[in-house]
Amino acid sequence: LVRLCALPNVGGHFECDRLEGKRFRTAISKPYIILYRYTDTTLTVYRIIHERFNIDELTLIDLDENQDE
């Protein structure tokens with residue numbers, strides 16, 4: 001996570017149409033996948049998922065935009 005905070009734009013992209021166009025970044029820290037978003041001042045980790053699990057819209061369905069505040 002320290003490296004991710006230093007270089008947040010290096011992660012890949014994850015987007016799901018069923019989540020109303022919410023876009024997340026992904027980073028890998030074996031054996032985990034980190035789903036996050038960032039701004040100029042904040043990096044927010046939404047999920048850390050074991051790589052054996054599939055990332056789908058159900059994984060992220062309960063994420064609320066108000067959690068960013």
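In what order do the four strands of the open sheet lie?

**View 1. Open sheet of the predicted model.** The strands follow the order β1-β2-β3-β4, and their pairing is antiparallel. The edges are formed by β1 (12-15) and by β4, each of which pairs on one side only. From one strand to the next, the twist averages 35°.

**View 2. Pairing of strands β3 and β4.** Strand β3 covers residues 32-38 and strand β4 covers residues 43-50. Seven bridges connect the two strands in the antiparallel sense. The connection from β3 to β4 is a hairpin of four residues.

**View 3. Residue pairs across β3 and β4.** Tyr36 has Val45 as its bridge partner in β4. Tyr32 is placed opposite His50, also a residue of β4. Both pairs belong to a view of the antiparallel pairing between β3 and β4.

**View 4. Surroundings of Thr26 in strand β2.** Thr26 lies in β2, which spans residues 23-29. Its relative accessible area is 19%, so Thr26 counts as buried, the cut-off being under 20%. Leaving aside residues up to four places away in sequence, Thr26 touches Gly11, Gly12, His13 and Phe14, and also Ile33, Ile34, Leu35 and Tyr36. One of these contacts, Tyr36, is the residue whose bridge partner in β4 is Val45.

Key. Residues numbered from 1 in each chain as written. Predicted model: local features only at pLDDT ≥ 70, side-chain atom pairs only at ≥ 80, totals over all residues. Heavy atoms only, no water. Buried < 20%, exposed > 50% of the residue type's maximum accessible area, 1.4 Å probe, protein only. Contact = heavy atoms within 4.5 Å. Pairing = 2+ DSSP bridges. Axes fitted to C-alpha atoms, helices over the stretch in contact; angles between N-to-C directions.
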